[in-house]
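Subject: Structure for you to look at

Hello,

Here is the structure I promised to pass on. Please open it beside this email and follow along.

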Amino acid sequence: MNARFDPSGPLRGTTRVPADKSISHRAALIGAMASEPVRIRNYLYAADTRSTLAAVQRLGAIVDDRGDELVVRGCGLRNAIAPTNPIDVGNAGTLMRLLPGWLSFQPGSSFVLDGDASIRRRPIDRIADPLARMGARIDARDGRYPPFTVHGAPLSGIEYELPMASAQVKSCTLLAGLVTDATTVSESVPSRDHTERMLAAAGAPVTREGDPRGGFRTTVGNADELELPLVEVPGDLSSAAFLITAGVLVRDSRLVLERVGVNWTRAGFLRILERMGAIVLSDIEPPGAFGPEEPVADIDVTSAPIEATTVEAEEVPLAIDELPLVALLGCFAEGETVVRGAAELRIKESDRIATVVEGLRGLGADIEALPDGFVVRGTGRLRGGRLDAHGDHRLALLGAVAGLASQTGVEVVGMEAAEVSYPRFARDVAELVA
Ligand code: S3P
């Protein structure tokens with residue numbers, strides 16, 4: 001489906017963005033592992049997180065949709081039922097990489113996971129490595145790609161240093177660690193910590209040492225069972241980022257996004273915007289904070305001229321999904337905006353360095369790819385044209401925001417990809433512009 005986004009009048013008013021995708025996946029998964037029913041308020045209804053609900057149901061969990069909340073009745077830690085057919089993760093990389101953490105300790109059972117064409121291009125050796133060290137076995141196509149089989153086994157604890165900054169790999173290892181005496185994951189650069197927070201809320205023994213500059217060591221130990229009475233999912237900062245960018249770039253805009261998650265391990269984009277001189281106000285959690293809660297705040301955006309900035313490797317995991325928007329902002333900023341140390345972008349739903357550079361260049365941007373990022377020379381404007389989403393939800397939404405801020409509008413080829421995280425984006429924008 002193609003969709004046109006024409007140069008927009010000011011965005012004004014107050015709205016709520018969709019629920020957090022990362023936290024919704026974790027709530028459904030940890031709900032499925034829990035012994036008592038878990039109530040989830042404000043679960044994200046989008047393609048990715050529907051895949052997670054379908055997956056946990058196939059493993060034996062019961063999901064009741066009560067309208068105002070979901071109730072997940074789990075299987076308990078060790079009682080997942082192996083379905084006869086493959087579990088379909090759809091387009092959801094987070095589901096594909098977190099679920100094996102649980103499945104790896106269902107002794108005597110094997111589980112096959114598969115997904116769409118984009119998922120089949122995304123590596124899983126990064127989770128197979130720690131799980132194999134713990135005692136599980138994973139057989140993957142070409143040793144690396146879906147479809148793959150997780151053979152459950154009794155696990156032993158490990159100390160694992162993350163070879164790449166990845167919250168998915170960290171989360172998978174920590175979930176598997178729930179049946180070991182102690183499993184420690186160290187990361188030299190912090191990444192989102194929703195899993196460790198939710199495990200702490202569910203009564204698992206979780207500790208974290210270190211600091212945001214030197215990195216963290218997170219340890220989990222044996223949990224007999226998980227109990228998590230209620231999860232309230234905040235708004236998704238990664239979805240909010242699209243409206244925030246539109247608000248910054250479209251002249252005379254002023255909008256407030258209510259109840260967005262501002263966990264500091266997710267809020268890198270807000271700090272980047274601050275450096276660019278954007279007027280975006282919110283109470284971000286202080287760096288280093290940790291606990292069972294997920295902080296929320298309203299985000300208040302006023303359009304303003306912006307300046308270029310540089311994003312280096314240590315900031316990348318805290319803004320990883322928002323970096324395409326930094327490229328778009330760079331087109332309008334004064335000076336040269338640079339993102340480095342972000343090679344992980346190449347293995348997202350699309351190769352986001354290639355697709356962002358090709359997409360924005362097609363709209364008139366002065367942008368160049370680096371092996372691990374990009375350089376954008378700001379011209380203060382963007383012409384417009386056509387942008388292919390390449391089946392990637394964040395590319396489709398990037399094209400839409402680019403259109404609103406452009407001179408001639410943007411036609412997004414494959415807008416349906418936005419169903420993965422933000423199905424009602426076009427409607428939200430229309431309401432804010434009206
Ligand atoms: C996610 C972690 C990030 C992010 C993805 C969601 C998560 O991936 O890009 O959209 O929910 O843990 P990596 O951990 O692979 O960097």
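**Around the ligand**

The ligand is surrounded by S22, R26, T94, A165, S166, A167, Q168, R192, I320, D321 and K348. A residue is on that list if one of its heavy atoms lies within 4 Å of the ligand.

Before going on, note that this is a predicted model: local features need pLDDT of at least 70, side-chain atom pairs count only at pLDDT 80 or more, and totals for chains, interfaces and linings use all residues. Residues are numbered from 1 along each chain as its sequence is written, and side-chain values use heavy atoms, with hydrogens and water left out.

The shell around the ligand has three nonpolar, four polar and four charged residues. Here Ala, Val, Leu, Ile, Met, Phe, Trp, Tyr, Cys and Pro count as nonpolar; Asp, Glu, Lys and Arg count as charged; the others, Gly among them, count as polar.

Now the polar contacts (pairs of N or O atoms within 3.5 Å). A polar side-chain atom of R26 sits 2.6 Å from an oxygen atom of the ligand. For D321, a polar side-chain atom is 2.7 Å from a ligand oxygen. In S22, an N or O atom of the side chain is also 2.7 Å from an oxygen atom of the ligand.

How much of the ligand's accessible area does the protein cover? It covers 95% of the 380 Å² that the ligand has on its own. Such areas come from the Shrake-Rupley method with a 1.4 Å probe. Helix 1 (21-33) and helix 5 (167-176) are the elements that give two or more residues to the shell. Helices are DSSP runs (H or I, at least four residues), numbered from the N terminus.

**Aromatic rings**

There are four aromatic pairs in the structure. Y43 and Y45 make an edge-to-face pair, because their ring centres are 6.0 Å apart and their planes are at 70°. Rings of Phe, Tyr and Trp (its six-membered ring) pair if their centres lie within 6.5 Å; planes under 30 degrees apart are stacked, over 60 edge-to-face, the rest tilted.

Y43 is buried, at 6% relative accessibility. Y45 is partly exposed, at 33%. Buried means under 20% relative accessible area, exposed over 50%, and partly exposed in between (1.4 Å probe, protein chains only).

Y422 and F425 are also edge-to-face, since their centres are 5.3 Å apart and their planes are at 85°. Both are buried. F5, Y422 and F425 form one aromatic cluster.

Best wishes

Note on methods:
Polar contact = N/O pair within 3.5 Å; in protein donor to acceptor, adjacent residues only side chain to side chain.
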